[in-house]
Amino acid sequence: MSLFSKLFGKQQTTQNEEETTMTKLNIGIVLGSTREGRLSPQVGNWVKELADQRGDANYTIIDIADYKLPLLGEAGTDASGAAAWSEAIAAQDGFVFIAQEYNHSITGSLKNALDYLRAEWNDKAAGIVSYGSVGGARAAEHLRGILGELSVADVRVHPALSLFTDFENGAELKAAPVQEASVNQMLDQVIPWATALKSVRLKTVNA
C-alpha cells in the first residue's frame, strides 16, 4: 500500500467511524400488554418523556397492539402484521421493555411477539421497566431468560414499579422520584451497550 493510501485511507476510516459514532441510536420502548384497561401506555409514555430529555437516542413507542400477531403458527389466522413487526424491530438498536406481571410471568402477548422474530432481536441491548404487586420482579426475571436466548443483552438496572406505591388507586401512574432516577440509570447502561453491539452487527455485515 502506498504512503498516500495509508495516510488518506486511515483518514477515511476515521471519518466513517466518527460518522457512525455521531449517528443517534434508535431505542424502541415496547409496550408488553394488549389487554383492555392496560397500564403499559402510561408507563411507556412516562419512560419516553424521561428518555427524550436525555437527547442521546431516538426513542420510539412500539405498541404490540398495533400489529396483527395471532398465536404463532395458529392455523387460519391473520398474521398480516408480522412483516411490519419485523421491520419495526429490525430498525432498532436497543429496547426498553415495559413488562407487567401476570401470574408470576410476562404477558402471553409479549411472549408471542418475541417468538415471532429471531434475527431482528440479535446482538442488541435492552432494559426492563416492570410493574405489578411486587414490582413485576418475577416477570422481569422470566423475560431475562427469553432475551438471553434471543441474544439480547439486558442490563442490570431495573426500575420496578409497585401497583401500591407508584400508582394512584392502582390505576394512574404517580411514580416516586427514585423511580425516575432508576430509569436514567438503566438508560445509562442501555446506551453504551447498544452502541457497542451496533458495532458488532456492522462488523458481521461487513465481514
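This is a short walk through the structure above, from its overall fold to a few charged pairs and one pocket.

The model is predicted, so local features need pLDDT of at least 70 and side-chain atom pairs count only at pLDDT 80 or more, while totals for chains, interfaces and linings use all residues. Residues are numbered from 1 along each chain as its sequence is written, and side-chain values use heavy atoms, with hydrogens and water left out.

Let us begin with the fold. The protein has six helices and eight strands, where helices (H or I, at least four residues) and strands (E, at least two) are DSSP runs numbered from the N terminus. Along the sequence they follow the pattern α-β-α-β-α-β-α-β-α-β-β-β-β-α. Of the 207 residues, 43% are buried; buried means under 20% relative accessible area, exposed over 50%, and partly exposed in between, with a 1.4 Å probe and protein chains only. Contacts (heavy atoms within 4.5 Å) reach far along the chain: among those between residues at least 6 apart in sequence, 78% join residues at least 24 apart.

Charged pairs come next. Side chains of opposite charge can pair when their charged atoms come close. A salt bridge here is a side-chain nitrogen of Lys or Arg within 4 Å of a carboxyl oxygen of Asp or Glu, and the count comes to 12.

A good one to look at is Asp93 with Arg201, whose side chains meet at 2.7 Å, N to O. Asp93 sits in the loop between helix 3 (82-90) and strand 3 (94-100) and Arg201 in helix 6, so this bridge ties together parts that are 108 residues apart in sequence. Helix 6 covers residues 177-206. Are these two partners buried or exposed? Asp93 is buried, at 6% relative accessibility, and Arg201 is buried too, at 18%. The side chain of Arg201 also has a polar atom 2.9 Å from the backbone oxygen of Asp123. Leaving aside neighbours within four places in sequence, Arg201 is in contact with Gln92, Asp93, Asn122, Asp123 and Lys124.

Another bridge joins the side chains of Asp63 and Arg38, at 2.8 Å, N to O. Asp63 belongs to strand 2 (residues 57-63) and Arg38 to the loop between strand 1 (25-31) and helix 2 (40-52), 25 residues apart. Asp63 is buried at 10% relative accessibility, whereas Arg38 is partly exposed at 23%.

Arg118 and Glu149 also meet through their side chains, at 4.0 Å, N to O. Arg118 lies in the loop between helix 4 (108-115) and strand 4 (124-132) and Glu149 in helix 5 (residues 137-149), so the pair ties together parts that are 31 residues apart in sequence. Arg118 is partly exposed at 44%, and Glu149 is exposed at 54%. Salt bridges that share partners also join Arg54, Asp56 and Asp188 into one network.

Finally, turn to the empty space. The second largest pocket holds about 180 Å³. Its lining has 13 residues, and Gln100, Glu101, Tyr102, Tyr131 and Leu163 are the closest to its centre. A pocket is an open set of points on a 1 Å grid over the protein atoms alone where a 1.4 Å probe fits, with protein on both sides within 12 Å along at least five of seven lines; lining residues have an atom within 4 Å of a point. By class, this lining has four nonpolar, four polar and five charged residues, with Ala, Val, Leu, Ile, Met, Phe, Trp, Tyr, Cys and Pro counted as nonpolar, Asp, Glu, Lys and Arg as charged, and the others, Gly among them, as polar.

Methods. A polar contact is a pair of N or O atoms within 3.5 Å; within protein, one must be able to donate a hydrogen and the other to accept it, and residues adjacent in sequence count only if both atoms are side-chain atoms. Grid points are joined across faces, edges and corners, and a volume is the space filled by probe spheres set on the points.
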